[in-house]
Amino acid sequence: MHLARKRQGHGIAIIEVRAKPGHKTRGLLVAGNLVLECALGKGGINTFKREGDGATPLAAMRLLYGYRRGDRGSLPPSRLPLRPVRRLDGWCDAPHDANYNRPVPLPFSASHEKMWRDDNLYDVCIVMDWNIATRKRGCGSAIFFHLAKPGYTPTEGCIALKRADMARLLPHLSSRTMIRVMR
């Protein structure tokens, strides 16, 4: 298996993610010489991502920016723009709304994700360029790189790491980092 070890002066350039052999909802994330376990979507990896299918898209996705909770322990700084998440931050996942796959202020009448969560999943939540730059309704929303649940239980289509592993990666991530989900 070819492992991407490409690094550049601005952090990690390429992160590769593949399903762990025999586990469609657990993956291996390769960043430079580091290999980490991660959670994938409950629908496994899918070429034809659709809203609500629970699949992680088979795609190359640039890291755009992120959110972090400052009230739940310290995390190292990152070259990636990270802003504090607020209680009134949401993300629209309603395909027929004009704000589909965009951040929205809460309260919000259409279907949405709450970015300020009671669990720890979005204590670090990085927005990946899935269906954002060229947005198509119904092709999937809120595909994030965030923290994993205990035991790496499946996500709704996101890629998730345990907190300690995300803390190791944060200083090396930038808006030039690309995550390639592969088979």
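**Cysteines, strands and odd backbone spots**

Biologist: How many disulfides does the count come to?

Modeller: This is a predicted model, where local features need pLDDT of at least 70, side-chain atom pairs count only at pLDDT 80 or more, and totals for chains, interfaces and linings use all residues. Residues are numbered from 1 along each chain as its sequence is written, and side-chain values use heavy atoms, with hydrogens and water left out. A disulfide is a pair of cysteine sulfur atoms within 2.5 Å. By that rule, the number of disulfides is zero.

Biologist: Okay, how far is the sulfur of C38 from the closest cysteine sulfur?

Modeller: C38 counts as buried, with 0% relative accessibility (buried is under 20% relative accessible area, exposed over 50%, partly exposed in between, with a 1.4 Å probe and protein chains only). Its closest cysteine sulfur belongs to C158, and that's too far for a bond, at 12 Å.

Biologist: And which cysteine has the sulfur nearest to C92?

Modeller: C92 is in no disulfide, as the nearest cysteine sulfur is 15 Å away. C92 counts as buried, at 0% relative accessibility. The nearest sulfur is that of C139.

Biologist: Zooming out, how many strands are in the protein?

Modeller: Helices (H or I, at least four residues) and strands (E, at least two) are DSSP runs numbered from the N terminus. There is one helix, and the strand count is 16.

Biologist: What is the radius of gyration of the protein?

Modeller: That one is taken over C-alpha atoms, and the globule rule is 2.2 Å times the number of residues to the power 0.38. The rule gives 16 Å for 183 residues, and the protein comes close to this, so it's as compact as a globular protein of that length. The radius of gyration is 15 Å.

Biologist: Is strand β3 largely enclosed or open, and how many of its seven residues are buried?

Modeller: Strand β3 covers residues 14-20, and it's largely enclosed by the rest of the structure because so many of its residues are buried. Out of seven, the buried count is five.

Biologist: Which strand pairs with β3 in the parallel sense?

Modeller: Two strands pair if DSSP finds at least two bridges between them. β3 has an antiparallel pairing with β4 (residues 23-31) over six bridges, and in their hairpin G22 takes a positive phi near 85°. The parallel pairing runs over five bridges, with I14 bridging to M178. The parallel partner, at residues 178-182, is β16.

Biologist: What is the order of the open sheet of three strands?

Modeller: Pairing in this sheet is antiparallel, and the edge strands, each paired on one side only, are β11 (103-105) and β12 (112-114). β10 (residues 89-92) pairs with β11 over three bridges, where G90 has V104 as its bridge partner. The order is β11-β10-β12.

Biologist: Which residue in the loop between β11 and β12 is worth a look?

Modeller: There's a cis peptide bond that starts at L106, with omega near 0°. The residue on its far side, placed in the loop between β11 and β12, is P107.

Biologist: What is the phi of Y152?

Modeller: Y152 sits in the loop between β14 and β15 (159-161), and it counts as buried at 13% relative accessibility. N131 also has a positive phi, about 60°, without being a glycine. For Y152, likewise a residue other than glycine, phi is near 55°.
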